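Subject: A structure for you to look at

Hi,

Here is the structure I said I would pass on. Have a look at it first, and then read my notes underneath.

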Amino acid sequence: MTDAIVPGLTYLPDYLDAAHQDRLLAAIDGLPWLGDLQRRVQHYGYRYDYKARRVEASMALGPLPAWGAEVAQRLHAEGWFAVPPDQLIVNEYEPGQGITKHVDCVPCFDDTVVSISLGSACVIELAQGEVKVPVLLEPRSALVLKEDARYRWTHAIAGRKKDVYQGRAYSRGRRVSLTFRKVLLD
């Protein structure tokens with residue numbers, strides 16, 4: 001239903017199985033986190049400059065780690081990306097943390113953004129003007145933003161410890177998101 005309301009939005013429940021989620025979380029937690037935002041992050045492929053809202057060739061970090069490249073290849077093979085994504089940001093959200101409304105940097109990234117949720121569920125809100133569409137991001141799900149969902153709708157996660165979606169309450173635990181994108185370089 002949400003893809004009819006938000007053109008270009010595709011929600012894929014159970015995109016990963018539980019064992020794959022556990023392997024990804026173990027691999028991610030074995031690597032260093034950056035704490036330069038209000039949440040912990042890891043950058044792969046290219047570092048994204050949040051303040052300047054840019055990515056340049058000089059920000060290349062090398063190829064994605066094997067676990068990220070495997071997911072990137074799957075996303076490409078399934079047709080979500082025309083070529084495998086080469087940039088991955090891992091964000092960790094503890095209960096009470098969120099992200100302000102935004103559209104992923106248009107001149108920085110190609111026409112597709114895919115975010116995979118690990119760990120806890122939360123509600124993301126897509127908005128265009130006064131129209132707001134909540135989407136429950138369940139553990140192991142993928143959210144694909146293309147077309148209008150990518151360029152014309154903002155998305156945000158409120159900083160709270162509990163979400164209510166369709167009358168049901170969801171307490172938040174630790175959530176880790178994997179956001180895959182293809183970098184556009186001049």
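Below is what I found, going from the whole chain down to a few single residues.

First, a word of warning: this is a predicted model.

**The whole chain**

If you trace the chain from end to end, you will meet four helices and twelve strands. The radius of gyration is 16 Å, close to the 16 Å that the globule rule gives for 186 residues, so the chain is as compact as a globular protein of that length. Along its principal axes, the C-alpha trace spans about 45 × 35 × 35 Å.

How much of the chain is buried? Buried residues make up 47% of the 186 residues. On the outside, the chain exposes about 9,200 Å², and carbon and sulfur atoms supply 53% of that area.

Contacts tell you something about how the chain folds back on itself. Taking the contacts with a separation of 6 or more, 74% of them are between residues 24 or more positions apart.

There are charges to look at too: the chain has 23 positive and 23 negative ones, and the mean positions of the two sets are 5 Å apart.

**Strand β12 and its partners**

Now zoom in on strand β12, which covers residues 175–181. Is this strand mostly covered or mostly open? It is mostly covered, as seven of its seven residues are buried.

Here is a bit of background that helps when you turn the model around. In a regular strand, side chains alternate between the two faces of the sheet. You can follow this in β12: Arg175, Ser177, Thr179 and Arg181 point one way, while Val176, Leu178 and Phe180 point the other way. Both sets are buried.

Which strands pair with β12? One of them is β3 (residues 87–93), which runs antiparallel to β12 and is joined to it by seven bridges. In this pairing, Leu88 stands opposite Phe180 of β12. Another is β5 (residues 113–119), which also pairs with β12 in the antiparallel sense, over six bridges. There, Ser117 stands opposite Ser177 of β12.

Ser177 is worth a stop of its own. Its relative accessible area is 2%, and because anything under 20% counts as buried, Ser177 is buried. Leaving out residues up to four places away in sequence, Ser177 touches Ile89, Val90, Asn91, Tyr93, Ser115 and Ile116.

**Some loop residues**

Next, go to the loop between β1 (9–12) and α2 (18–29), where you will find Asp17. Asp17 is partly exposed, with a relative accessible area of 47%. What is Asp17's distance from Ser141 in space? The two are 9.3 Å apart, C-alpha to C-alpha, although they are 124 residues apart in sequence.

Asp14 sits in the loop between β1 and α2 as well. At 53% relative accessibility, Asp14 counts as exposed, because the cut-off for that is over 50%. Check its backbone too: Asp14 has a positive phi of about 50°, although it is not a glycine.

Arg140 is another non-glycine residue with a positive phi, this time about 75°. You will find Arg140 in the loop between β7 (131–137) and β8 (142–145). With a relative accessibility of 22%, Arg140 counts as partly exposed.

That's everything from me. Have fun turning it around!

Cheers

Key:
Residues numbered from 1 in each chain as written. Predicted model: local features only at pLDDT ≥ 70, side-chain atom pairs only at ≥ 80, totals over all residues. Heavy atoms only, no water. Helix = DSSP H or I, 4+ residues; strand = E, 2+ residues; numbered from the N terminus. Rg over C-alpha atoms; globule rule 2.2 N^0.38 Å. Buried < 20%, exposed > 50% of the residue type's maximum accessible area, 1.4 Å probe, protein only. Contact = heavy atoms within 4.5 Å. Areas by Shrake-Rupley, 256 points an atom, 1.4 Å probe, with all protein chains shown as cover. Lys, Arg positive; Asp, Glu negative; His and termini not counted. Charge placed at Lys NZ, Arg CZ, Asp CG, Glu CD. Pairing = 2+ DSSP bridges.
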